[in-house]
Structure formats: C-alpha cells, structure tokens
Amino acid sequence: MKVKEILEMVENHEISVDEAAILIDNPIDYATIDYNRKRRTGTPEIIYGSGKTKEQIAGIIKNMLEHDQIDILATRVDATKAAYLKKLYPNFNYDKEAKTFILKQSETIQNKGMIVVVCAGTSDIPIAREAVLTAEFLGNEVNLISDVGVAGIHRLFNKMDVIKRANVIIVVAGMEGALASVVGGLVDKPVIAVPTSIGYGANFNGLSALLSMLNSCASGVSVVNIDNGFGAGYMAHTINCLGGKR
C-alpha cells in the first residue's frame, strides 16, 4: 500500500492517524500487521506459520519486535522453519509437538478460572498441545488430561474431579469423536470439541469425528474445525475472560 493511499484513507475517515502511522512505518510488502488488535480485542495478532516461508515468518517477527510487541505466538511452524527461526530468535520457545513458536514476556496467568483440555488418545496430543499453549499464551491456567478416550471410559471418570473444576473444557478426539458428547453430558460448563484427523480410512481425515461432534445430543457442546487446537484454545480464553482477572 502506497503512502498516498494511506493518507486518502485517513482523509476519508477509514482509519485513524495512529493506524496510518503504523501502516507507513511497516516496511513489509507481504504482510500488514494489525498492531491495534490487542487494543480492540484484548489479544495480539497471531502468526499462522503454515503456507508462509521461514523468511516471511522471520520478517513478521522482526517487525512485531520493532513495534514493541512483547508477546508473540506463531502456530503451525514445522521443524525446518523452527530451526531457522531459533537461530535468529533464540529467546523464543519452540514446541515440536504443537508446532508453536512463542515469546511470552508479560505476566503468565491473568484470568481467574482454569481451562481443562481433555485428550482422547495419545495420537491426539499434538492438537491438544496447540490448544494448551495457545490458552496459556493468552493468560490462562491450563490443565491437560491425556489418553482418556471412550475405549476405556473408566480413565475419564478418574479425572472428573479436575474436569469439573474448570470454567471451560476443551475435548480433543479423533476416530468417531464420541468423547465430546460423553464429557458434555457430565459437566455444567461449556465444552469446545476439537475433531482431529486421527483415525483409519472411514475417518475421512477427521470428517467422521467432526460430524459426530456437530450432531452431539449433549447440550453445551460447540465445535471448531478439524485439527484446530488454536481455535479451541482462543475460544476457551474468551469464555474464561468472563470470570475476571486475578
């Protein structure tokens, strides 16, 4: 975007002077970073790493740091990109399971309530970890409960005391996705269901779990997209914010 176009937007009251200054100071031609997002929504802009080159991600991070962004989260960063980025930004933390690249310098836990992530199987952990790290990055206490799927439902019952203390519950499951309905029928808190692409042929890369969760007979179950741990963690954060700050 050219300077003249930005100034015309100010003249037409489409953006503020402060927003125009950010656009003018932003030298990246492949990304327009929304530095006012935290002011509007309470959360900073997140970098979606899939589809971007390692150089583009590095450039976006550099620009965010230059604009005093103290907390930065990049999702879907594969190991090759992470190795390149880690050399440039060694103070960031990379989680190889969740594929997140994070700089967190503000207060870690800000919201009062707890979020619990219930993971059906060990194979679902990468998506569950993405949900956990997203919610933690946004300022929440998060508890991960792994491998409590319906094939051995007694394992879930042994964890119900922890699950019931949560303000929000995220349920991550592949295969037939039944765990979300089971949990939804046992708690009085909102349940966010995350279908994963884990399963055999007729799982259709997560479609069977998605349809099961969308058709849940348990009230209070909402559903995000297949493998969208980030979306679940973000939504759980927005709900947990209603409980107030510590």
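How many residue pairs are in polar contact across the interface of domain 1 and domain 2? The rule finds five of them, with both residues of each pair at pLDDT 80 or more. Keep in mind as you look around that this is a predicted model. Here's a quick tour of how the two domains meet.

**The two domains**
- The domain assignment splits out domain 1 as residues 31–104 and domain 2 as residues 115–243.
- If you take the C-alpha centre of each domain, the two points sit 25 Å apart.

**How much they touch**
- On the domain 1 side, 16 residues are in contact with 17 residues of domain 2.
- Together the domains bury about 1200 Å² between them, and 64% of that is on carbon and sulfur atoms.
- Look for T43, R76 and E97: these residues supply 37% of the area that domain 1 buries against domain 2, more than any other three residues.

**Charged pairs across the gap**
- The rule finds two salt bridges across the interface of domain 1 and domain 2.
- R76 is worth finding again, since its side chain meets that of E130 in a salt bridge, at 2.9 Å from N to O.

**What the domain 1 side is made of**
- Two strands, β2 (72–75) and β4 (100–103), each supply at least two residues of the side of domain 1 that touches domain 2.
- Sort the residues on that side by type and you get seven nonpolar, four polar and five charged.

Definitions and conventions
Residues numbered from 1 in each chain as written. Predicted model: local features only at pLDDT ≥ 70, side-chain atom pairs only at ≥ 80, totals over all residues. Heavy atoms only, no water. Domains from an automatic or database assignment. Contact = heavy atoms within 4.5 Å. Buried area = accessible area lost by both parts, 1.4 Å probe. Salt bridge = Lys/Arg side-chain N within 4 Å of Asp/Glu carboxyl O. Polar contact = N/O pair within 3.5 Å; in protein donor to acceptor, adjacent residues only side chain to side chain. Helix = DSSP H or I, 4+ residues; strand = E, 2+ residues; numbered from the N terminus. Nonpolar A, V, L, I, M, F, W, Y, C, P; charged D, E, K, R; others polar.
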